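Here are my notes on this one, jotted down while looking through the coordinates. Have the viewer open as you read.

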Amino acid sequence: MTNPQQQIIERIKANSSHCHTPRQFNILLEDLQRFFGRDKTQLLPIACGWGYPNIKSINDDGTVDFHCEIVSVRSLDFPMPYLNWYRTAGMVSRDPVILEWFKTGRPQISSEVVKRKPNAFPKEFVSKLKDFGLYHSLEGGWIFNSNNLQSFEAATLPHAKDFSIAVFSIALKSESECNKYIDMFAELLPSICLALKNAYNSPTLTPKKLTILKYISLGSNHKEIAHALEISESAVKDHRIKILKALNAQNDANAVLIALVERVIKPCLYL
């Protein structure tokens, strides 16, 4: 690592510590893109998110079975069709690259994990990574306790009562580029993950949006929802648009499916 690179890393870490709004976080993502080599030919897509995992078990091979209650997902120049497929297919809780990070505590290069563990990847997953230019990605994250102060070892996670995880994925130009930057990525992860949590510290789906989504899942139309919640139909429509955006969903049915897959809502609903 050169001195100029270390200086940029320290600047990004300092900016991360002062990142408390969505606008500040978007600027941070642009800084990350420039640091990792963005140019006119490739924008280096970034996706990140954080939430509260519910650990089911830790397997003999060290992998973790869990599902994650998503608080917020953000992206910059990331292909939305891929993100929609990823969430609809429930990959948030079963992405082999993220699970490998969870197991080892070290950032991973997606193409290398595919080569090491080909049987862990559905064919459709690998095809989509290649089709959308995401095959060579750096992926990793950070695990926080309730005070956002320290990480947990994987073996202690089932016994931790209040913790959260944040993850980042940055698509680079090649596997060699990923290897060039992986240590720097690891150094930045604690800071940028905390910046994500601080900038988006409340669930993207507010209680009112969740209620509207539940009505949608039961087949209620805008007029019926507006009457039930004593709000205008235009307000319902506005909330619906924001729900679709928050879930990276294509339509109402897709939004309900993603919410069910990610356990934002439960199959049996009583309003």
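1. A bit of bookkeeping before the cavity: Ala, Val, Leu, Ile, Met, Phe, Trp, Tyr, Cys and Pro count as nonpolar, Asp, Glu, Lys and Arg as charged, and the others, Gly among them, as polar. With that split, the lining of the largest cavity comes out at 20 nonpolar, five polar and three charged residues. Keep in mind that this is a predicted model.

2. More on that cavity. The count of cavities of 30 Å³ or more is one, and the volume of the largest cavity is about 400 Å³. Its lining takes in 28 residues, with Gly49, Tyr86, Val92, Ile98 and Val167 nearest the centre. At least two lining residues come from each of β1, β2, α3 (80-88), α4 (96-104), α6 (123-131), β4 and β5.

3. Stepping back to the whole chain: there are eleven helices and five strands. Of its 271 residues, 48% count as buried. If you take contacts between residues at least 6 apart in sequence, 69% of them join residues at least 24 apart. The chain exposes about 13,700 Å², and carbon and sulfur atoms supply 51% of that area.

4. Now the cores. In soluble globular proteins, nonpolar side chains tend to be buried together. Here the largest nonpolar core has 35 residues, and Phe25, Leu32, Phe36, Leu138 and Phe168 make the most contacts inside it. Elements giving at least two residues each are α1 (3-17), α2 (22-35), β1 (46-58), β2 (64-76), β4 (137-145), β5 (163-171) and α7 (175-199). The largest share, twelve residues, belongs to α7. A separate core of 28 residues includes Ile70, Phe78, Tyr82 and Val92. Val92 is worth a second look, since that residue also turns up among those nearest the centre of the largest cavity.

5. What does Phe36 touch, leaving out residues up to four places away in sequence? The partners are Leu44, Leu138, Ile170, Leu172, Tyr181, Phe185 and Leu188. Of these, Leu138 is also among the residues with the most contacts inside the largest core.

6. Last, the second largest pocket, with about 350 Å³ of space. It is lined by 17 residues, and Val73, Arg74, Lys245, Ala246 and Asn248 are the closest to its centre. Two or more lining residues come from each of α2, β2, α3 and α10 (233-246), and β2 gives the largest share, four residues. By class, that lining has eight nonpolar, four polar and five charged residues.

Note on methods
Residues numbered from 1 in each chain as written. Predicted model: local features only at pLDDT ≥ 70, side-chain atom pairs only at ≥ 80, totals over all residues. Heavy atoms only, no water. Core = buried A, V, L, I, M, F, W, Y, C linked by side-chain atoms within 4.5 Å. Buried < 20%, exposed > 50% of the residue type's maximum accessible area, 1.4 Å probe, protein only. Contact = heavy atoms within 4.5 Å. Areas by Shrake-Rupley, 256 points an atom, 1.4 Å probe, with all protein chains shown as cover. 1 Å grid on protein atoms, 1.4 Å probe; cavity = no way out; pocket = protein on both sides within 12 Å on 5 of 7 lines; lining within 4 Å. Points joined across faces, edges and corners; volume = space filled by probe spheres on them.
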